[in-house]
Amino acid sequence: MTVKQPLYHESLPAGVQVLRWPHAHPLPETEVLAFFQARGLSPTQWSNGPGDVYGVHSHPYRKTLFCLTGSITFSLPDYARDVELRPGDRLILPPGVCHGATVGPKGVTCIEAGEPIARGR
């Protein structure tokens, strides 16, 4: 009998990536901050209450977001996909990818940063 292992790294259309936190213990916020610091990025932490909605939009930069607490579901309307993030999960959105989001029933706290795209590529 083959046991299917959980998918920790999901590569979705247009270069969207989801990396699932595989551990039972929470991802330490200090590790998330160190991740951004090592890349020379200045992260922003934000929180929203249950059911809050972000309309569909895009960014001119690569967005990396970690869910710290609660949950949030990102919609990718151009690909007819929804991606739910739970504590410790990471979402990477390449520049120009349209997305929206709905906060889960317990609210959400996230840390994110934008990474400018390199010119001349």
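## Contacts around L85

Contact here means that heavy atoms lie within 4.5 Å of each other. In this predicted model, and leaving aside neighbours within four places in sequence, L85 is in contact with V18, R20, L65, C67, G70, S71, I72, F74 and L91. One of these partners, I72, shares with L85 the distinction of having the most contacts inside the largest nonpolar core, a set of 18 residues.

## The nonpolar cores

The elements that contribute two or more residues to this largest core are β5, β6 (81-85), β7 (90-93) and β8. Among them, β5 gives the most, with five residues. A second core, separate from the one built around these strands, has nine residues, and L27, F35, L41 and F66 are included in it.

## Salt bridges between strands β5 and β8

Side chains of opposite charge can pair when their charged atoms come close. Across the whole structure, a search finds five salt bridges. One of these joins the side chains of R62 and E115, with an N to O distance of 3.7 Å. This pair links distant parts of the chain, since R62 belongs to strand β5 (residues 61-76) and E115 to strand β8 (residues 99-116), 53 residues apart. R62 has a relative accessibility of 33% and therefore counts as partly exposed, and E115, with a relative accessible area of 31%, is likewise partly exposed.

The side chains of E112 and K63 also meet in a salt bridge, at 3.4 Å from N to O. Because E112 lies in strand β8 and K63 in strand β5, the pair ties together parts that are 49 residues apart in sequence. Both E112 and K63 are buried, a class that requires a relative accessible area under 20%, whereas R62 is partly exposed at 33%.

## Other charged pairs

A further salt bridge brings together the side chains of R86 and E84, with N and O at 3.1 Å. R86 has a relative accessible area of 48%, and so it is partly exposed, while E84 counts as partly exposed at 31% relative accessibility.

Finally, E10, R20 and D89 are linked in a network of salt bridges. R20 thus appears in two settings, as a member of this network and as one of the residues in contact with L85.

Key:
Residues numbered from 1 in each chain as written. Predicted model: local features only at pLDDT ≥ 70, side-chain atom pairs only at ≥ 80, totals over all residues. Heavy atoms only, no water. Salt bridge = Lys/Arg side-chain N within 4 Å of Asp/Glu carboxyl O. Helix = DSSP H or I, 4+ residues; strand = E, 2+ residues; numbered from the N terminus. Buried < 20%, exposed > 50% of the residue type's maximum accessible area, 1.4 Å probe, protein only. Core = buried A, V, L, I, M, F, W, Y, C linked by side-chain atoms within 4.5 Å.
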